[in-house]
Amino acid sequence: MRRYAAALAVALLAAGLAACGAPPGISTAVRLATEARTSAQIAEDNRILVAFNRAVAGESGALFRDVSTDVYVARVMLTGAVKEPRMKARAEEIARAVPGVAQVINELQVTDQGGIGATANDLVIEQKLGVKYAADSAVDGANFRGRAVNGAVYLFGRAYSQAERDKAIALARETDGVRRVVNHVRVQPRGQ
């Protein structure tokens, strides 16, 4: 029970930091501290994330603003909404060029939809999902990422079993405001 209370506290702290406009790196660092990855994997994933963000920021302020990036065991997932197909392709090219990247999952939406209202709704979805994962004993929420873009939730990370992955997907589908769920969670039993 103590583990779940701690996970809930971390999720709420991260949500609060994100809601207060804290830099994404701070809320990410808080979440990473509770994960099952090794410290070497976390360090490598952080290196990949920083390298990608530097490259994107150096190329385009709009691309840096519009692309969210998650890295989990050298797998990179790109989410967000961009205005043009060439921006989606360019973000993927940049990610693939970062040394150490094993896989790029490009879920960037090419759309004019979005704006402040959609972004606020998506943040609410992400925070609700984070709280659900932290509160449900069938899901080790620290190993999951749920990114919402225009009501679509992209799941990413690691499940210890098919049952855990199925539960994480079900919790996402049951979250108010979610229109669809796209699963990129890998099943990897403990110790592997």
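**Packing of helix 3 and helix 5, and the surrounding core**

Helix 3 and helix 5 are oblique to each other, since the angle between them, about 140°, falls outside the range over 145 that would count as roughly antiparallel. In this predicted model, helix 3 spans residues 39–59 and helix 5 spans residues 85–97, and their axes lie 9 Å apart. The crossing of the two helices is right-handed. On the side of helix 3, the contact is made by Phe 52, Ala 55, Val 56 and Glu 59, and these residues meet Arg 90, Ala 91, Ile 94 and Ala 95 of helix 5. Six of the residues in this contact are nonpolar and two are charged, while none is polar.

The two helices belong to a chain of 192 residues, of which 44% count as buried. The chain contains seven helices and seven strands, and along the sequence these elements are arranged in the pattern α-α-α-α-β-β-α-β-β-α-β-β-α-β. Among contacts between residues at least 6 apart in sequence, 70% join residues that are at least 24 apart.

The largest nonpolar core comprises 19 residues, and those touching the most other members are Ile 48, Phe 52, Leu 63, Val 67, Val 76 and Leu 78. At least two residues of this core are supplied by each of helix 3, strand 1 (67–72), strand 2 (75–82) and helix 5. Apart from this core lies another, of 16 residues, which includes Ile 125, Leu 155, Ala 159 and Ala 172.

Two of the residues named for the largest core illustrate how distant parts of the sequence are brought into contact. When neighbours within four places in sequence are left aside, Val 67 is in contact with Phe 52, Leu 78, Thr 79, Val 82, Ala 91 and Leu 108. Leu 78, which lies in strand 2, counts as buried because its relative accessibility is 0%. With the neighbours within four places again set aside, the contacts of Leu 78 include Phe 52, Val 67, Ala 91 and Ala 95, together with a run formed by Val 104, Ile 105, Asn 106, Glu 107 and Leu 108. For one of these partners, Asn 106, which is 28 residues away from Leu 78 along the chain, the separation between the C-alpha atoms is 5.0 Å.

Attention turns next to the loops. Most residues other than glycine have a negative phi. Val 73, although not a glycine, has a positive phi of about 50°, and its place is in the loop between strand 1 and strand 2. Val 73 counts as partly exposed because its relative accessibility is 36%. A positive phi, near 50°, is also found at Asn 150, another residue other than glycine, which is located in the loop between strand 5 (144–149) and strand 6 (152–159). Asn 150, however, is buried, with a relative accessible area of 12%.

Asn 150 is also one of the contacts of Thr 111, which, leaving aside neighbours within four places in sequence, further include Ala 81, Val 82 and Lys 83. Thr 111 lies in the loop between strand 4 (109–110) and helix 6 (115–135), and it counts as buried because its relative accessibility is 17%. Val 82, a partner of Thr 111, is likewise in contact with Val 67.

Terms used:
Residues numbered from 1 in each chain as written. Predicted model: local features only at pLDDT ≥ 70, side-chain atom pairs only at ≥ 80, totals over all residues. Heavy atoms only, no water. Axes fitted to C-alpha atoms, helices over the stretch in contact; angles between N-to-C directions. Helix = DSSP H or I, 4+ residues; strand = E, 2+ residues; numbered from the N terminus. Parallel < 35°, antiparallel > 145°, perpendicular 65-115°, else oblique. Left-handed = near helix turned anticlockwise from the far one by under 90°. Contact = heavy atoms within 4.5 Å. Nonpolar A, V, L, I, M, F, W, Y, C, P; charged D, E, K, R; others polar. Core = buried A, V, L, I, M, F, W, Y, C linked by side-chain atoms within 4.5 Å. Buried < 20%, exposed > 50% of the residue type's maximum accessible area, 1.4 Å probe, protein only.
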